[in-house]
Amino acid sequence: IPVGVGFRGKAYTAQPHEYNMLGYDAVDETRINEDGHQLLLSVIQQARPRSLHLVCISSLRDAADVIAADQKSFLRAIRAVSIQGGVTRGSDGAWVADETAVNNSFDVGAAHKVIAFCLARGLPLTVCSR
C-alpha cells in the first residue's frame, strides 16, 4: 500500500499516545512518498470506476486539492469517503464541517469544501467524531 506525506496544515505537536500502536516502529520510512498530493492524484486517475474508498484521518487539504485538480477523476474513482473529523448543523440546517474538531481545524476551509462537495454530489460520506 503506497503511503504519502500530505499537506502539513497548521502546526501541531503530536501526543505520545498517537503513535503508540503495534508495528509503528517497523515502518520503513524510505518507502514513504514525500508528495502525498501527487500520489493521491495518480491513484485516483488510474483507478477503476467506483473502486476507491477514501479514508481521511487528518487535514482535508490534500483531498480538497485533488478535487480541485481533477474533479472528474475523483467522482469517477471514489465510491465513498470516510473522515475522522466532525460535522455539525449550520445555521440553515445543512451539515457543515465542525470547526472545533482537531482534524478539521488543520485547514477549516478544506474541511468545508470536501464535506460540501461530497454531500452535494451524493457521495457516501461517513464522519467519525468525538
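These exercises work through helix packing, the nonpolar core and two single residues in a predicted model.

**Exercise 1. Classify the packing of H2 against H5, and list the residues that make the contact.**

Step 1. Locate the helices. H2 covers residues 61-69 and H5 covers residues 108-120.

Step 2. Take the geometry. The angle between H2 and H5 is about 55°, and their axes lie 8 Å apart.

Step 3. Assign the class. Angles from 65 to 115 degrees count as roughly perpendicular, and those under 35 as roughly parallel. The angle of about 55° therefore makes H2 oblique to H5.

Step 4. Add the handedness. The crossing of H2 past H5 is left-handed.

Step 5. List the residues. H2 contributes Arg61, Ala63, Ala64 and Ile67. From H5 come Ala110, Val114 and Phe117.

Step 6. Sort them by class. The contact of H2 with H5 holds six nonpolar residues, one charged residue and no polar ones.

**Exercise 2. Repeat the analysis for H1 and H2.**

Step 1. Take the geometry. H1 and H2 pack at about 50°, with 10 Å between their axes.

Step 2. Assign the class. H1 and H2 are therefore oblique to each other.

Step 3. Add the handedness. H1 passes H2 in a right-handed crossing.

Step 4. List the residues. On the H1 side stand His37, Leu40, Leu41 and Ile44. They meet Asp62, Ala63, Asp65, Val66 and Ala69 of H2.

Step 5. Sort them by class. The contact of H1 with H2 has six nonpolar, one polar and two charged residues.

**Exercise 3. Find the buried residues of H1 and H2, and say what packs against them.**

Step 1. Start with H1. Its buried residues are Gly36, Leu39, Leu40, Leu41 and Ile44.

Step 2. Find their partners. The buried residues of H1 pack against strands S1 (3-4) and S2 (32-33), along with S3, H2, H3 and S4.

Step 3. Turn to H2. Here Arg61, Asp62, Ala63, Ala64, Val66 and Ile67 are buried.

Step 4. Find the cover. H1, S3, H3 and H5 are among the elements over the buried residues of H2.

**Exercise 4. Describe the largest nonpolar core and the contacts of Phe74.**

Step 1. Size the core. It has 24 residues.

Step 2. Pick out its hubs. Leu54, Phe74 and Val114 have the most contacts inside the core.

Step 3. Trace the elements. Those giving two or more residues are H1 (36-46), S3 (52-56), H2, H3, S4 (78-84) and H5. H5 gives the most, with six residues.

Step 4. Follow Phe74. Beyond residues up to four places away in sequence, Phe74 touches Ile44, Leu54, Val66, Ile67, Val81, Phe117 and Leu123.

**Exercise 5. Are Ser73 and Leu119 buried, partly exposed or exposed, and which residues do they contact?**

Step 1. Place Ser73. It sits in helix H3, residues 71-77.

Step 2. Judge its exposure. Ser73 has a relative accessible area of 12%. Buried means under 20%, so Ser73 is buried.

Step 3. Find its contacts. Setting aside neighbours within four places in sequence, Ser73 is in contact with Ile44 and Gln45.

Step 4. Place Leu119. It belongs to helix H5.

Step 5. Judge its exposure. The relative accessible area of Leu119 is 41%, so Leu119 is partly exposed.

Step 6. Find its contacts. With neighbours within four places in sequence left out, Leu119 is in contact with Trp95 and Leu125.

Step 7. Check a distance. Leu119 and Asp28 are 91 residues apart along the chain, and their C-alpha atoms are separated by 37 Å.

Methods: Residues numbered from 1 in each chain as written. Predicted model: local features only at pLDDT ≥ 70, side-chain atom pairs only at ≥ 80, totals over all residues. Heavy atoms only, no water. Helix = DSSP H or I, 4+ residues; strand = E, 2+ residues; numbered from the N terminus. Buried < 20%, exposed > 50% of the residue type's maximum accessible area, 1.4 Å probe, protein only. Contact = heavy atoms within 4.5 Å. Axes fitted to C-alpha atoms, helices over the stretch in contact; angles between N-to-C directions. Parallel < 35°, antiparallel > 145°, perpendicular 65-115°, else oblique. Left-handed = near helix turned anticlockwise from the far one by under 90°. Nonpolar A, V, L, I, M, F, W, Y, C, P; charged D, E, K, R; others polar. Core = buried A, V, L, I, M, F, W, Y, C linked by side-chain atoms within 4.5 Å.
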